[in-house]
Amino acid sequence: MTDDTDKVHLLVTAGGKLVCTRCTAKSKRTGNQCGRTALKASKTQKCEFHGGRGNSGAKTPEGKARAIAAHTKTGDCSQAAREAHARASARLLQLEDSMHLLGMTTAKRTRGRKYTP
């Protein structure tokens with residue numbers, strides 16, 4: 001097992017023209033040090049993938065209130081957007097049922113979870 005003295009703290013890039021600090025993160029699987037450059041603002045000499053940014057979310061009460069009011073699940077869509085998608089899926093399911101009852105299609109019915117209001 002290696003310790004911190006084995007880590008290479010400088011990374012030479014651009015054909016030897018740039019010398020940067022190297023990310024000090026170490027792989028659990030291989031034991032090798034990360035090959036990316038550390039961010040200048042990082043106190044722990046880490047790259048952006050290993051915690052160098054140091055941003056852990058909203059700090060002020062106003063920022064926390066905005067995050068709560070957004071109602072996001074993964075950051076990509078809001079609760080309202082998910083509900084609109086569910087309503088559109090329900091309309092498509094009704095259309096598909098109507099087409100099967102009227103004999104307008106011979107395709108198989110859609111599988112999966114169906115929206116129920």
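## The salt bridge and its two residues

With a relative accessible area of 45%, Arg 109 is partly exposed. In this predicted model, Arg 109 forms a salt bridge with Asp 97, and the closest N and O atoms of the two residues are 2.8 Å apart. Because Arg 109 belongs to the segment after α2 (79-102) whereas Asp 97 belongs to helix α2, the pair ties together parts that are twelve residues apart in sequence.

The partner residue, Asp 97, also counts as partly exposed, its relative accessibility being 27%. Side chains of opposite charge can pair when their charged atoms come close. Within the rule applied here, the count comes to one salt bridge.

## Overall organisation

The protein has two helices and two strands, and these elements follow the pattern β-β-α-α when they are read along the sequence. Of its 117 residues, 15% count as buried. The accessible surface of the protein comes to about 9900 Å², and 56% of that surface belongs to carbon and sulfur atoms.

Among the contacts in the protein with a separation of 6 or more, 16% are accounted for by residues that stand 24 or more positions apart.

## The loop between β2 and α1

Two residues of the loop between strand β2 and helix α1 can be described individually, beginning with Gln 33, which has its place between β2 (18-21) and α1 (61-70). Gln 33 counts as buried because its relative accessibility is 15%, and the cut-off for that class is under 20%. A polar atom of the side chain of Gln 33 lies 2.8 Å from the backbone oxygen of Cys 23.

Ala 41 has its place in the loop between β2 and α1 as well, but Ala 41 is exposed, with a relative accessible area of 72%. In sequence, Ala 41 and Gly 52 are eleven residues apart, while in space their C-alpha atoms are 7.5 Å apart.

## A nonpolar patch at the surface

Leu 10, Val 12 and Val 19 make a nonpolar surface patch of about 290 Å². One of these residues, Val 19, has its place in strand β2, and with a relative accessible area of 52% Val 19 is exposed, given that the class begins over 50%.

Conventions:
Residues are numbered from 1 along each chain as its sequence is written. This is a predicted model: local features need pLDDT of at least 70, side-chain atom pairs count only at pLDDT 80 or more; totals for chains, interfaces and linings use all residues. Side-chain values use heavy atoms; hydrogens and water are left out. A salt bridge is a side-chain nitrogen of Lys or Arg within 4 Å of a carboxyl oxygen of Asp or Glu. Helices (H or I, at least four residues) and strands (E, at least two) are DSSP runs, numbered from the N terminus. Buried means under 20% relative accessible area, exposed over 50%, partly exposed in between (1.4 Å probe, protein chains only). A polar contact is a pair of N or O atoms within 3.5 Å; within protein, one must be able to donate a hydrogen and the other to accept it, and residues adjacent in sequence count only if both atoms are side-chain atoms. Patches are made of residues with over 30% relative accessible area and no salt bridge: like charges are joined within 9 Å, nonpolar side chains (Val, Leu, Ile, Met, Phe, Trp, Tyr) within 5 Å. Accessible areas come from the Shrake-Rupley method with a 1.4 Å probe; for residues, only the protein chains shown count as cover. Contact means heavy atoms within 4.5 Å.
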